[in-house]
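Reader: Could you walk me through one helix of this model in detail, with the cut-offs spelled out? I'd like to know what it packs against and how its charged side chains pair up.

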Amino acid sequence: MIKSGGVAPWQGAEGRAQHLLGIRNAAALVANFTDAGINVILTDVITQDLLNIYRDLVPGLVAVRLACDLSIARARASSRPVYLTAAEFEMLHRQQTDPLETDSELDVSGMTLEAQVDAVRRRWRRRSQDV
């Protein structure tokens, strides 16, 4: 949401600072929408330390990691506008194979978008029933 001067999260201290600012802003939006009775979905490419920050800032957060093979990720990305270099794309995909303490992990390799949405919904419902 930065119009001028935006830096990618992996581009040093400024990229990290902007990512953290984005997380704080996202958490504030979640609080405002939740206070108004509106359910919220956040999406981000994160590491464990960033997930910990989200958990600190967003009460009741349910984190679902969506994963797929690199070849499938490349094929899906090729059907959309490309904003990453091939090296950045591969680096981010590799990063997402690092351990992450989520509430659920979902391999979406063979799933349509509709099937992914249904699977995530089922996980959220199970989680909300457990709380």
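Author: About 9,200 Å² of the protein chain is exposed, and carbon and sulfur atoms supply 56% of that; accessible areas here come from the Shrake-Rupley method with a 1.4 Å probe, and for residues only the protein chains shown count as cover. Keep in mind that this is a predicted model: local features need pLDDT of at least 70, side-chain atom pairs count only at pLDDT 80 or more, and totals for chains, interfaces and linings use all residues. Residues are numbered from 1 along each chain as its sequence is written, and side-chain values use heavy atoms, with hydrogens and water left out.

Of the 131 residues in the protein chain, 24% count as buried, where buried means under 20% relative accessible area, exposed means over 50%, and partly exposed is in between (1.4 Å probe, protein chains only). The C-alpha trace spans about 40 × 35 × 25 Å along its principal axes. There are 5 helices and 2 strands, and along the sequence they run α-α-β-α-α-β-α. Both kinds of element are DSSP runs numbered from the N terminus: H or I and at least four residues for helices, E and at least two for strands. Among contacts (heavy atoms within 4.5 Å) between residues at least 6 apart in sequence, 66% join residues at least 24 apart.

Now to the helix itself, α2. In α2, residues 48-57, the buried residues are Gln48, Leu50, Leu51 and Tyr54. They cover an arc of only 160° around the axis, which puts them on the same side of α2; the arc is that of the directions from the helix axis to the C-beta atoms. The background is simple: an α-helix has 3.6 residues a turn, so residues three or four places apart point the same way. As for the partner, the buried residues of α2 pack against α1 (12-35).

On to the charges. The whole structure holds 5 salt bridges, each being a side-chain nitrogen of Lys or Arg within 4 Å of a carboxyl oxygen of Asp or Glu. One of them joins Asp49 to Arg16, with the closest N and O atoms 2.7 Å apart. Asp49 sits in helix α2 and Arg16 in helix α1, so this pair ties together parts that are 33 residues apart in sequence. Both ends are partly exposed: Asp49 has a relative accessible area of 34%, and Arg16 comes in at 33%.

Arg55 gives α2 another salt bridge, this time with Asp103, and here the closest N and O atoms are 3.2 Å apart. Asp103 lies in the loop between α4 (86-95) and β2 (104-107), while Arg55 belongs to helix α2, so the pair ties together parts that are 48 residues apart in sequence. Asp103 is partly exposed at 31%, and so is Arg55, at 28%.

Beyond α2, the strands have a salt bridge too: Glu105 and Arg65 meet at 3.6 Å, N to O. Glu105 is in strand β2 and Arg65 in strand β1 (residues 64-67), so parts 40 residues apart in sequence are tied together. Here Glu105 is partly exposed at 44%, whereas Arg65 is buried at 8%.
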